[in-house]
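Work through these exercises with the model open beside you. Try each task before you read its solution.

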Amino acid sequence: MSGTEATALVEARGVEVTYGGGRPLFGPKQPGIRVLHGVNVTIGRGETVGIVGESGSGKTTLGRALLRLVPVSAGTIRLDGRDITRLGGAEMRPLRRRMQMIFQDPMASLNPRHSIRRILGEPLLLHGVAGNRREAEVQIRAMLNRVSLPAAVLDRSPHELSGGQRQRVGIARAALLRPDFVLADEIVSGLDVSTQALVLRLLKELSRDMGLAMAFISHDLSVIRAICDRVYVMRFGEVVEEGPCAQVFDHPQSDYTRLLLDAIPLPEVDPHWLFPGTADAVAPPPVPKETCA
Ligand SMILES: Nc1ncnc2c1ncn2[C@@H]1O[C@H](COP(=O)(O)OP(=O)(O)OP(=O)(O)O)[C@@H](O)[C@H]1O
């Protein structure tokens with residue numbers, strides 16, 4: 001799917017983000033530091049786009065701007081054609097369910113004192129996706145099955161799970177809210193290679209089944225190539241190149257993309273695991289059904 005189609009779900013035009021600045025209690029007004037400079041991004045329904053670039057290039061800031069988690073100082077963010085750039089908290093609230101984020105470190109994003117049941121159940125009730133606890137439990141159990149986790153994890157807390165299990169809980173939490181758009185920021189960087197492949201495959205299957213639009217931030221270009229349709233290459237807060245993954249990776253147009261490709265070795269994740277059914281695919285290992293001792 002081309003991100004330039006009229007069916008764009010998420011669209012950023014000329015987006016600028018400035019950190020800091022403003023007027024302190026004493027002294028002159030501070031200018032702040034602009035870290036995004038007129039960025040344009042389009043993500044179609046059901047499309048997965050990658051965002052790559054060296055550390056500090058603005059990937060996370062861009063992702064957060066798309067979700068309206070950082071203030072945008074210029075430009076527009078549209079969700080499904082609606083300009084959401086300057087909506088207030090109350091107007092954003094019903095839209096929050098539609099735009100979910102999966103974090104790099106699930107330990108930091110999952111409340112360590114809460115059970116997995118509560119972690120998964122509370123957002124469902126809060127956003128009215130489930131009418132009561134019983135409905136929430138049914139939906140949660142179905143989703144656990146979908147992400148190949150046993151129901152026994154429901155009574156556990158995040159620190160009692162492995163890194164891969166926690167990341168699957170993070171995916172389940174986002175997917176349960178039936179979002180339209182998911183931002184996944186470095187979600188497999190702390191995992192070993194085989195767990196990475198399982199988590200990525202799961203996410204790819206879910207995004208395909210749910211028709212999700214997804215922005216995927218990663219340092220690992222092999223991961224981006226394996227699961228993304230298109231990629232945006234960022235440098236110093238600007239998009240320096242954009243296009244279908246095969247085009248950008250095989251025929252990079254900018255010197256910076258070439259440098260990036262040379263600097264980061266490919267591949268860690270076997271893309272065939274993620275694309276079973278393609279002509280040259282090898283049989284992917286099934287996502288193992290886990291049991292809890
Ligand atoms: N809350 C903040 N306050 C001030 N500056 C920030 C803040 N967050 C990020 N920055 C700065 O904005 C720039 C872009 O950071 P950002 O985290 O978006 O880059 P990134 O490409 O995601 O980096 P990394 O790959 O290391 O996560 C960096 O110079 C960073 O220091």
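**Exercise 1. Take stock of the chain: how many helices and strands does it have?**

Solution. This is a predicted model. Its chain has 11 helices and 10 strands. Next, burial. Of the 293 residues, 39% count as buried. Last, contacts. Take those with a separation of 6 or more: residues 24 or more positions apart account for 69% of them.

**Exercise 2. Find the strand order of the six-stranded open sheet, and say why strand 6 and strand 10 each have one side without a neighbour.**

Solution. Step one: read across the sheet. The order is 6-7-8-3-9-10, and the pairing is mixed. Step two: look at the edges. Strand 6 (99–102) and strand 10 (238–244) stand there, each with a single partner strand, so one side of each has no neighbour in the sheet. Step three: check the twist. From one strand to the next it averages 20 degrees.

**Exercise 3. Identify the strands that pair with strand 8, and give the sense of each pairing.**

Solution. Start with strand 7 (residues 181–185). Five bridges pair it with strand 8 in the parallel sense. Here D185 stands opposite I217 of strand 8. Now take strand 3 (residues 48–53). It runs parallel to strand 8, joined by four bridges. In this pairing, G50 has F216 as its bridge partner. Then trace the connection from strand 7. Together with helix 7 (residues 193–210), strands 7 and 8 make a right-handed β-α-β unit.

**Exercise 4. Decide whether the two faces of strand 8 are covered or open.**

Solution. First, the rule: in a regular strand, side chains alternate between the two faces of the sheet. Next, sort the residues of strand 8 (residues 213–217) by side. A213, A215 and I217 lie on one side, M214 and F216 on the other. A residue is buried if 20 or more other C-beta atoms lie within 10 Å of its own. By that test five of the five residues are buried. Both faces are therefore covered.

**Exercise 5. Move on to strand 9: which residue there stands opposite I51, and which helices lie across the strand?**

Solution. Strand 9 (residues 230–235) pairs with strand 3 in the parallel sense, over five bridges. Its Y232 stands opposite I51. Now add the helices. Helix 1 (residues 59–66) lies across strands 3, 7, 8 and 9, and runs at about 160 degrees to strand 8. Helix 10 (residues 255–263) lies across strands 3, 9 and 10. Its angle to strand 9 is about 100 degrees.

Key. Residues numbered from 1 in each chain as written. Predicted model: local features only at pLDDT ≥ 70, side-chain atom pairs only at ≥ 80, totals over all residues. Buried ≥ 20, exposed ≤ 12 C-beta atoms within 10 Å, placed from the backbone. Contact = placed C-beta atoms within 7 Å. Pairing = 2+ DSSP bridges. Right-handed = clockwise from strand over helix to strand, strands pointing away. Axes fitted to C-alpha atoms, helices over the stretch in contact; angles between N-to-C directions.
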